[in-house]
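Colleague: Before we discuss the assignments, please show the model and explain the terms as they arise.

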Amino acid sequence: MNVRQLDISRRTIALAAALIGTVSLVIGAHAALNMRALDAAKAVTTDQITGSIGQTSRLALVIGNGHYPDASAPLTQSINDARALSSSLRKNGFDVDMVEDATKDDMVRAVNRLKSRIKRDTVVMLFFGGFGVQAGRESYMLPVDAVIWKESDVRRHGVSIEGVLEMMKEQGAKAKLVVVDASRRNPYERRFRSYSHGLAPISAPDNALILSSASPGKVVDDGKGEHSVLVGELLGNLNAQSGSAEGVFNKTRVAISRASEGVQVPTVSSSLLEDVHFGEAGG
């Protein structure tokens, strides 16, 4: 091999070595990018899972309907109640979706939002303040745009409380809490009934706790305070100290019954299988 051939061979070897080095660098950089992308994806997934668990452990849907066109005066207490209860529930660890003066579409969308977020570990609470009517042995929450002239209109325009409870059950909620402040004389029933029937008994599915402002079939008048009698007492018990939900609801029932000398007797129905606590105790 002459000198020229030897120089060519050396240059060829050097070029090959440089090419191999470049390819190795490219492969290494690509692998590093892939690893970073994989780590980032894992981090995002972990954040989503952790956030999801944290966000859905306690959910509340709070509806306060006050301005009904068919009513002679607005139910100002319902709006005040919804706002104050939302604030109290947030302090108790609930992620609250509050809706005021909800139309039927607003209520359906709110229930669907709640449905999409319920997980197996979720404690779910529903509050409704406004007008309610019973029809076909079910109790219906009335939206502000309800058009009711006969009993069948109640089922068409209202939102069934039992239906919302059934949805919670089907979604596998850990526990279901319901507060219904709707046993008021309303402007609708007189169109097709001689008197107001109040609300029907609300059946509690498994692991549920229900508080209603009056006994089934009874109606109550609003007081003149900032809050309704039911919510005013409930707020006092919620804010006083931590305790079981069942204890808070029962204290509310007893206090109102005694204060009204039996004229207003709220109803508490429970099928809870485990304790649910407000305040620091959690659960």
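Modeller: Two strands are said to pair if DSSP finds at least two bridges between them. Helices (H or I, at least four residues) and strands (E, at least two) are DSSP runs, numbered from the N terminus. This is a predicted model, in which local features need pLDDT of at least 70 and side-chain atom pairs count only at pLDDT 80 or more, while totals for chains, interfaces and linings use all residues. Residues are numbered from 1 along each chain as its sequence is written, and side-chain values use heavy atoms, with hydrogens and water left out.

Colleague: What makes S5 and S6 a pair, and in which sense do they run?

Modeller: Strand S5 (residues 138-141) and S6 are joined by two bridges in the antiparallel sense. The definition asks for at least two, so the two strands count as paired. Opposite Met 141 stands Val 159 in S6.

Colleague: In what order do the three strands of the open sheet lie?

Modeller: The order is S4-S5-S6, with antiparallel pairing. Strand S4 (132-135) and strand S6 (159-160) each have a single partner strand and stand at the edges, so each has one side without a neighbour in the sheet.

Colleague: Why is strand S7 called largely enclosed?

Modeller: Buried means under 20% relative accessible area, against over 50% for exposed and partly exposed in between (1.4 Å probe, protein chains only). In S7 (residues 175-181), seven of the seven residues are buried, so the strand is largely enclosed by the rest of the structure. Its two faces are both covered: one carries Ala 175, Leu 177, Val 179 and Asp 181, the other Lys 176, Val 178 and Val 180, and all of these are buried. For the protein chain, buried residues make up 41% of the 283 residues.

Colleague: How many bridges link S7 to S3, and how many to S8?

Modeller: Seven bridges pair S7 with strand S3 (residues 123-129) in the parallel sense, and five join S7 to strand S8 (residues 208-212), again parallel. Lys 176 takes part on both sides, with Val 124 as a partner and Ala 208 in S8 as another.

Colleague: How do you know that S1 is largely enclosed?

Modeller: All the evidence is in its burial: seven of the seven residues of strand S1 (residues 58-64) are buried, so the rest of the structure largely encloses this strand. Arg 58, Ala 60, Val 62 and Gly 64 point one way, Leu 59, Leu 61 and Ile 63 the other, and all are buried. S1 pairs in the parallel sense with S3 over seven bridges and with strand S2 (residues 95-100) over six. Ala 60 has Met 125 as its bridge partner in S3 and stands opposite Val 96 in S2.

Colleague: Why is H3 called roughly parallel to H5?

Modeller: Helix H3 (residues 104-117) and helix H5 (residues 161-170) pack at about 20°, with their axes 9 Å apart. Angles under 35 degrees count as roughly parallel, over 145 as roughly antiparallel, 65 to 115 as roughly perpendicular and the rest as oblique, so H3 is roughly parallel to H5. Val 111, Leu 114 and Lys 115 of H3 meet Val 164, Met 167 and Met 168 of H5 in the contact, where contact means heavy atoms within 4.5 Å.

Methods. Axes are lines fitted to C-alpha atoms, for helices over the stretch in contact, and angles run from 0 to 180 degrees between N-to-C directions.
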